[in-house]
Amino acid sequence: MSPQFTSPPNSDAHSSPSSSSSLISSASDRRLSALVRHLAAEESSPMDSLSASPTAARADSVFAHVVQGPEDPILGVTVAYNKDQSPNKVNLGVGAYRTEEGKPLVLNVVRKAEQKLVNDMSRVKEYLPIVGLAEFNKLSARLILGADSPPVQENRVTTVQCLSGTGSLRVGGEFLARHYQERTIYIPTPTWGNHTKVFTLAGLSVKNYRYYDPATRGLNFQGLLEDLGSAPAGAVVLLHACAHNPTGVDPTLEQWEQIRQLMRSRALLPFFDSAYQGFASGSLDADAQSVRRFAADGGELLVAQSYAKNMGLYGERVGALSIVLKTSEVATKVESQLKLVIRPMYSNPPIHGASIVATILKDRDLFNEWTIELKAMADRIISMRHQLFDSLRAKGTPGDWSHIIKQIGMFTFTGLNPEQVAFMTKEYHIYMTSDGRISMAGLSSRTVPHLTEAIHAAVTRLA
Ligand code: PGU
């Protein structure tokens, strides 16, 4: 286990309750800018800095020294895809659902909820409170923790509406950096690329724990237990609630139970990232089992929820951070501090997306309709797994591709290497992240044969 980022320059930027944003000293400010510069220049080539040297700058802009930043490893794939003129191009990069026709999907139930909102003339566009829409928060906590879960029943959960999953992770990270004694967070190897940046800039020190075993294309459970077993007591541990991104490999329920026991025995604090509830199995309840087990044992935890995927509300940026605490008194105080994190960051969250979600969650019929549409999305993804697997087998493509049907959620971690990925993009106009991850949701019966051809050629020519 090798730490990726140890003690980032700004790790003490929010070291104590008194160091609120307005009080950040100029010294920590400078450390923060150094870190931002480091992240901005990451992955940029030596050529970038040469062309940006002061002597090369012709314009007299005060920003002439600014170096070209790299594209985001995930969102940059869509940028490249949009530039490609080929009629055969396929975007399997970003985790965004597409229909069989390859089109983005607005759920019917979302259209209905929006219509209801538009028709309700009593609705206004006032600011929401800092913590967001109260009914959205209450319903979101119930959705992930379960309506009958002890913390919900005992009123010892605090929930704040945030800017989708990413914003929820960031607010949680900032809160921990200010108010939690152990400012190290362990994230799995590999993980969603943004985790490291979100938590580092929040002021936490990021380390890794073993998760994926490339040899078996499955979970490295022994490595995971060893790494969490040797993490310092009290450290925060980021866990993907379900449908692990990018690997599609989740622990079994028995393994979750072992993880829970180990973490509780060592006082490790769970921070769940739940970006795919309902997408892994098609069931909202089944996909929340990992979180609910931890919530039921009386211990504390954080969970970041996103409605981007399961309600198709990508651009509405609607999500929630819930913190489960031991008592309702602590929950009240924690909420007061979350407000102090949020207020200087974006003041209060947007109203529209949260209103859509609340409208659906509180109405039995709309809720049922949502679960049916959600299951249909999950089922289409699972059917794509089978189609791709069958197609590779029929073609006789060398290799064991059974992981395609064993993995779960939006992505397949194919095992293709960066060279093979580059080849597939250049020769077949198939866009995917360089780690070999493909978004199964971007695939359709029409594009499976083309992807099969591309994988076959990549594997046979570039072994
Ligand atoms: N956490 C995980 C594990 C994710 O996969 C994603 C999205 C998020 C959080 C953030 O989701 P938002 O609710 O939209 O903030 N990952 C997708 C989407 C593109 C991206 O990287 O933001 C992906 O393709 O990995």
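This report walks through the ligand site of a predicted model and then turns to some backbone details.

**The ligand and its surroundings**

Let's start with the site itself. The ligand sits in the second largest pocket. Around the ligand there are 19 residues, and the closest of them are Ser164, Thr166, Asn245, Asp273 and Ser306. By character, the shell around the ligand splits into eight nonpolar residues, seven polar ones and four charged ones.

Which helix gives the most to this shell? Helix H7, spanning residues 164-179, does so with three residues. The shell also draws on two domains: domain 1 (75-105 + 378-461) and domain 2 (127-362) each supply at least three residues.

**Polar contacts with the ligand**

If you are setting up a look at the ligand's contacts, here are three side chains with a polar atom close enough to list, each with the ligand atom it pairs with and the distance.

| Side chain | Ligand atom | Distance |
|---|---|---|
| Thr166, polar atom | oxygen | 2.5 Å |
| Asn245, N or O atom | oxygen | 2.6 Å |
| Lys309, polar atom | nitrogen | 3.5 Å |

How much of the ligand's exposed area does the protein bury? Taken alone, the ligand exposes 530 Å², and the protein buries 92% of that. Two of the residues in the table, Thr166 and Asn245, are also named among the closest to the ligand.

**Backbone details around Asn245**

Asn245 is worth a second visit for its backbone. The peptide bond that runs from Asn245 to Pro246 is cis, and its omega is near 15°. So far as the fold goes, Pro246 is found in the loop between strand S7 (236-240) and helix H10 (253-265). Ala243 has its place in the loop between S7 and H10 as well. What is notable about the phi of Ala243? Phi there is near 50°, a positive value in a residue other than glycine.

**Another cis bond**

A further cis peptide bond joins Thr189 and Pro190, with omega of about -5°. Pro190 lies in the loop between strand S3, residues 184-189, and helix H8, residues 194-202.

**Pulling it together**

For a tour in the viewer, you could begin at the ligand in the second largest pocket, pass to Asn245, whose side chain has an N or O atom 2.6 Å from a ligand oxygen, and continue along the cis bond to Pro246.

Technical notes
Residues are numbered from 1 along each chain as its sequence is written. This is a predicted model: local features need pLDDT of at least 70, side-chain atom pairs count only at pLDDT 80 or more; totals for chains, interfaces and linings use all residues. Side-chain values use heavy atoms; hydrogens and water are left out. A residue is near a molecule or strand if one of its heavy atoms lies within 4 Å of it. A polar contact is a pair of N or O atoms within 3.5 Å; within protein, one must be able to donate a hydrogen and the other to accept it, and residues adjacent in sequence count only if both atoms are side-chain atoms. Accessible areas come from the Shrake-Rupley method with a 1.4 Å probe; for residues, only the protein chains shown count as cover. On a 1 Å grid over the protein atoms alone, a cavity is a set of points where a 1.4 Å probe fits but cannot get out, and a pocket is an open set with protein on both sides within 12 Å along at least five of seven lines; lining residues have an atom within 4 Å of a point. A molecule sits in a cavity or pocket if more than half of its atoms lie within 2 Å of its grid points. Helices (H or I, at least four residues) and strands (E, at least two) are DSSP runs, numbered from the N terminus. Ala, Val, Leu, Ile, Met, Phe, Trp, Tyr, Cys and Pro count as nonpolar, Asp, Glu, Lys and Arg as charged, and the others, Gly among them, as polar. Domain bounds come from an automatic or database domain assignment.
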